Amino acid sequence: KNNNVDEKAADEIFDKMEKFAEYGFNKSHSAAYALVSYQTAWLKAHFPAEFMAAVLSSDMEKTEKVVTILDECRSMKLKVLPPDVNRSGYKFAVTETGEINYGLGAIKGVGEAAIDAIIESRNVDGKFKDLFDLCLRVDLRKMNRRVLEALINSGSFDSFGLTRASLHASLEIVLQSAEQHFQAVAEGQHDLFSAEPVAVTVNMIIRPEFSDEEKLQGEKEALGFYLTGHPIQRYEYELKNMVSSSISELNPNRNQSVIVGGWVIGLRVMFTKRGDRMAIVTMEDRSSRIE
């Protein structure tokens with residue numbers, strides 16, 4: 001008031017200052033944050049792949065964050081390789097050529113015990129030749145059908161050279177044959193001309209690949225998002241002439257109207273207190289999602 005500030009305005013300003021004091025940083029805290037900010041910016045500038053792999057690993061259980069970080073990787077021209085049981089570790093990691101290996105730990109429904117067993121077998125006996133070889137070498141008590149289906153859908157077995165449809169179709173017979181092999185070993189059955197256990201072979205069922213939509217839906221179930229593509233890709237040429245912003249670029253502070261376009265992934269219809277019908281639509285493009 002002494003400075004000719006309206007009393008009502010002065011009260012509002014003081015209330016805001018009081019509120020800020022509850023969480024405002026002191027100088028030592030601000031200095032520490034400034035140092036960490038500088039260090040992380042330096043790492044991102046000079047070791048971009050290593051930095052982004054570390055960021056992805058720290059947030060790999062949070063699907064929406066992973067989607068945003070992968071979009072950042074694309075803008076930084078960093079290549080993220082899909083998950084692969086013969087190449088990937090538990091976390092995201094950088095290859096010798098500067099690409100980022102997708103972490104198996106980011107696949108939904110695949111526990112740490114199964115991943116550890118896969119990596120241990122790979123380190124001891126080398127790469128897996130096919131799905132049956134993997135089932136013979138990894139304890140199936142740690143890696144059940146649900147885990148195998150998630151690994152197929154995520155593309156982790158693509159390097160075996162069979163379509164994901166073929167792997168799904170063959171999964172039952174592969175598991176039965178693996179159980180038959182373990183039973184033969186337990187019962188001491190051996191080949192008549194060899195000291196080795198009776199060899200069990202599997203004739204894989206060959207199927208043409210799923211449609212793009214089915215394949216991408218499988219990735220969505222396993223990873224929480226589409227990795228190798230997006231259903232919206234086929235419309236990107238038309239959309240870029242219509243939209244003024246991607247979802248990840250939206251900024252509520254800009255105070256301007258924008259046009260966004262995306263793929264509707266959720267719809268909830270409800271009634272307001274006045275009895276009006278309203279809907280909340282969840283939409284995503286390749287960069288992010290929004291309600």
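# Exercises on a predicted model

By the salt-bridge rule, the count for this structure comes to 16 salt bridges. The model is a predicted one, and the exercises below walk through it step by step.

## Exercise 1: The whole chain

Task: Find how many helices and strands the protein chain has, and compare its radius of gyration with that of a compact globule of 291 residues.

Solution:

- Step 1. Start with the secondary structure, which comes to 10 helices and six strands.
- Step 2. Next, take the radius of gyration: the protein chain has 26 Å, while a compact globule of 291 residues would have a value near 19 Å.
- Step 3. Look at the spans along the principal axes. The C-alpha trace covers about 105 × 50 × 40 Å.
- Step 4. Finish with burial: 34% of the 291 residues count as buried.

## Exercise 2: Salt bridges one by one

Task: For the pairs K19 and E22, R87 and D84, and R268 and E291, describe the salt bridge and say whether each partner is buried, partly exposed or exposed.

Solution:

- Step 1. Recall the general idea: side chains of opposite charge can pair when their charged atoms come close.
- Step 2. Take K19 and E22. Their side chains meet in a salt bridge at 3.9 Å, N to O. K19 has 51% relative accessibility and counts as exposed; E22, at 62%, counts as exposed too.
- Step 3. Move to R87 and D84, where the closest N and O atoms are 3.5 Å apart. R87 is partly exposed, with a relative accessible area of 33%. D84 has 9% relative accessibility; buried means under 20%, so D84 counts as buried.
- Step 4. Now take R268 and E291, a salt bridge whose closest N and O atoms are 3.5 Å apart. R268 lies in strand β4 and E291 in the segment after β6 (289-290), so this pair ties together parts that are 23 residues apart in sequence. R268 is partly exposed at 41% relative accessible area, and E291 is exposed at 63%.
- Step 5. Salt bridges can also share partners: K129, D133 and R137 are joined into one network in this way.

## Exercise 3: Two patches on the surface

Task: Which residues form the negative surface patch, and which make the nonpolar surface patch of about 390 Å²?

Solution:

- Step 1. Collect the negative patch: D6, D11, E12, D15 and E18 form it.
- Step 2. Place one of its members. E12 sits in helix α1, which runs over residues 7-21.
- Step 3. Check how open E12 is. Its relative accessible area is 45%, so E12 is partly exposed.
- Step 4. Turn to the nonpolar patch of about 390 Å², which is made by V5, I13, F14 and M17.
- Step 5. Place F14, one of these residues: F14 lies in helix α1.

## Exercise 4: Positive phi angles

Task: K77 and N255 are residues other than glycine with positive phi values. Where does each one lie, and is each buried or exposed?

Solution:

- Step 1. Read the angles. Phi is near 65° for K77 and near 55° for N255.
- Step 2. Locate K77, which is in the loop between α4 (63-75) and β1 (80-81).
- Step 3. Locate N255, found in the loop between α10 (236-239) and β4 (263-271).
- Step 4. Judge exposure. Exposed means over 50%, so K77, with a relative accessible area of 74%, is exposed. N255, at 73% relative accessibility, counts as exposed as well.

## Exercise 5: Distance along the chain and in space

Task: How far apart in space are the C-alpha atoms of E96 and G229, and those of D212 and H230?

Solution:

- Step 1. Place E96 in the loop between β2 (93-94) and β3 (100-101). E96 is exposed, with a relative accessible area of 87%.
- Step 2. Pair E96 with G229: the two are 133 residues apart in sequence and 25 Å apart in space, C-alpha to C-alpha.
- Step 3. Place D212 in helix α9, residues 212-223. At 59% relative accessibility, D212 counts as exposed.
- Step 4. Pair D212 with H230. They are 18 residues apart along the chain, and their C-alpha atoms are separated by 9.1 Å.

Technical notes:
Residues numbered from 1 in each chain as written. Predicted model: local features only at pLDDT ≥ 70, side-chain atom pairs only at ≥ 80, totals over all residues. Heavy atoms only, no water. Patch = residues over 30% accessible without salt bridge, like charges linked within 9 Å, V, L, I, M, F, W, Y side chains within 5 Å. Areas by Shrake-Rupley, 256 points an atom, 1.4 Å probe, with all protein chains shown as cover. Salt bridge = Lys/Arg side-chain N within 4 Å of Asp/Glu carboxyl O. Lys, Arg positive; Asp, Glu negative; His and termini not counted. Charge placed at Lys NZ, Arg CZ, Asp CG, Glu CD. Helix = DSSP H or I, 4+ residues; strand = E, 2+ residues; numbered from the N terminus. Buried < 20%, exposed > 50% of the residue type's maximum accessible area, 1.4 Å probe, protein only. Rg over C-alpha atoms; globule rule 2.2 N^0.38 Å.
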